[in-house]
Amino acid sequence: MRLPEEIVTPRLLLRRPRAGDGAMINQAVHESFAELSPWMQWATTLPTTEQSEAFARDGAVRYNNGSSAELLILHRETGSFVGATGMPRIDWDLPGFEIGYWCRTGETGKGYVSESTWWLAKALFALGAKRVEIRVDDLNRRSWRVAERLGFTFTTLQKGDLIANDGSLRDTRVYVALSLAQLKQPSP
Ligand SMILES: CC(C)(COP(=O)(O)OP(=O)(O)OC[C@H]1O[C@@H](n2cnc3c(N)ncnc32)[C@H](O)[C@@H]1OP(=O)(O)O)[C@@H](O)C(=O)NCCC(=O)NCCS
């Protein structure tokens, strides 16, 4: 089973990061940092361009060893950077995948993440996934609205299983889809 390296959606291109993407990613992280840091565990300090470039370059390594996989979300027509998605946790035995995502602040509110998530779930089910999961901090309403908009089933609230970047203990909402038929394709 090969993970998708590129997915084309009505408005977007999802593709694996590669060498040379660092500056573009870095600019978006800097622009969006205030919105990312409450929710993304990696968003504790502003990355340097070199660190973003290392993340992009090493994407191929993570992809090839199957531990996790990231996909950049780009505008299909212009190639400009919208955000990032991917599979931060993979259970190859099931197989099951967690989908994660973040959106550049100036690109939120346009349905891009709902679109990328549905198309990524579609690609994973087509590859044989038995389970696709989205895990969200209970306080991150905007994020769990993405899961609910698409028809993922809310299964559990895992009490106190996450320490946020501000040091507070949080609860995680777990959303699951067991087939593509369960999900609603968002209209672009
Ligand atoms: C969570 C996050 C990705 C949500 O972004 P978002 O822009 O709300 O999500 P989408 O791109 O799917 O857009 C949905 C919004 O666009 C609107 N929209 C406009 N056109 C749309 C379309 N064609 N399809 C769907 N929604 C559309 C929706 O109404 C919705 O707005 P609403 O929530 O005010 O009703 C974003 O807030 C973010 O990156 N946050 C910081 C990082 C983070 O929390 N990541 C998730 C960790 S679990």
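## A salt bridge between strand and helix

R173 and E148 form a salt bridge in which the closest N and O atoms lie 3.7 Å apart. This pair links distant parts of the chain, with R173 in strand β8 (residues 169-177) and E148 in helix α4 (residues 141-150), 25 residues apart. The model is a predicted one. R173 is buried, at a relative accessible area of 13%, whereas E148 is partly exposed, at 36%. The two residues therefore fall on either side of the 20% limit below which a residue counts as buried.

The elements that carry this pair also meet: α4 lies across β5, β6 and β8, and runs at about 15° to β8.

## Other salt bridges

The count of salt bridges in the model is 16. One of them joins the side chains of E98 and R89, with an N to O distance of 2.7 Å. E98 is buried, having a relative accessible area of 7%, while R89 counts as exposed at 51% relative accessibility.

Another salt bridge is formed by E133 with R131, whose closest N and O atoms are 2.5 Å apart. E133 is buried, with a relative accessible area of 12%; R131 counts as partly exposed at 27%. Both residues belong to a network of salt bridges that links R131, E133, R135 and D161.

## The sheet

Eight strands form an open sheet in the order β1-β2-β3-β4-β5-β6-β8-β7, and the pairing is mixed. The edges are held by β1 (6-8) and β7 (153-163); each has a single partner strand, so one side of each is left without a neighbour in the sheet. On average, and with direction ignored, neighbouring strands are turned by 25° against each other.

Strand β5 (96-103) is mostly covered, seven of its eight residues being buried. On one side, β5 pairs with strand β6 (residues 131-137) in the parallel sense over three bridges. Within this pairing, G96 stands opposite R131 of β6, and the bridge partner of E98 in β6 is E133. Residues of the two salt bridges described above thus recur here: E98 is the partner of R89, and E133 that of R131.

## The β4-β5 hairpin

β5 also pairs with β4, the two running antiparallel and joined by seven bridges. One position in this pairing sets G83 opposite C103 of β5. The two strands form a hairpin, with four residues between them.

The loop between β4 and β5 contains P95. The peptide bond from L94 to P95 is cis, and its omega is near -10°. As background, most peptide bonds are trans.

## Helix α1

What does helix α1 (residues 22-36) span between its end C-alpha atoms, and what would a straight helix of 15 residues span? The end C-alpha atoms of α1 are only 17 Å apart, whereas a straight helix of that number of residues would span 21 Å at 1.5 Å a residue. A kink of about 45° is present in α1, centred on H30.

The buried residues of α1 are G22, I25, N26, A28, V29, S32, F33 and L36. In general, an α-helix has 3.6 residues a turn, so residues three or four places apart point the same way. Among the elements that cover the buried residues of α1 are α2 (49-65), β3 (69-75), β4 (81-91) and β5 (96-103). Strands β4 and β5 of the hairpin are thus included in this cover.

## Helix α3

Helix α3 (residues 112-126) has 15 residues, which at 1.5 Å a residue should span 21 Å; the end C-alpha atoms are 21 Å apart, in agreement with that expectation. Of the 15 residues of α3, 13 are buried, so the helix is largely enclosed by the rest of the structure.

Just after α3, G128 adopts a positive phi of about 110°. Most residues other than glycine have a negative phi.

Conventions. Residues numbered from 1 in each chain as written. Predicted model: local features only at pLDDT ≥ 70, side-chain atom pairs only at ≥ 80, totals over all residues. Heavy atoms only, no water. Salt bridge = Lys/Arg side-chain N within 4 Å of Asp/Glu carboxyl O. Buried < 20%, exposed > 50% of the residue type's maximum accessible area, 1.4 Å probe, protein only. Expected span 1.5 Å × (residues − 1). Bend = angle between axes of the 7 residues up to and from the residue. Contact = heavy atoms within 4.5 Å. Pairing = 2+ DSSP bridges. Axes fitted to C-alpha atoms, helices over the stretch in contact; angles between N-to-C directions.
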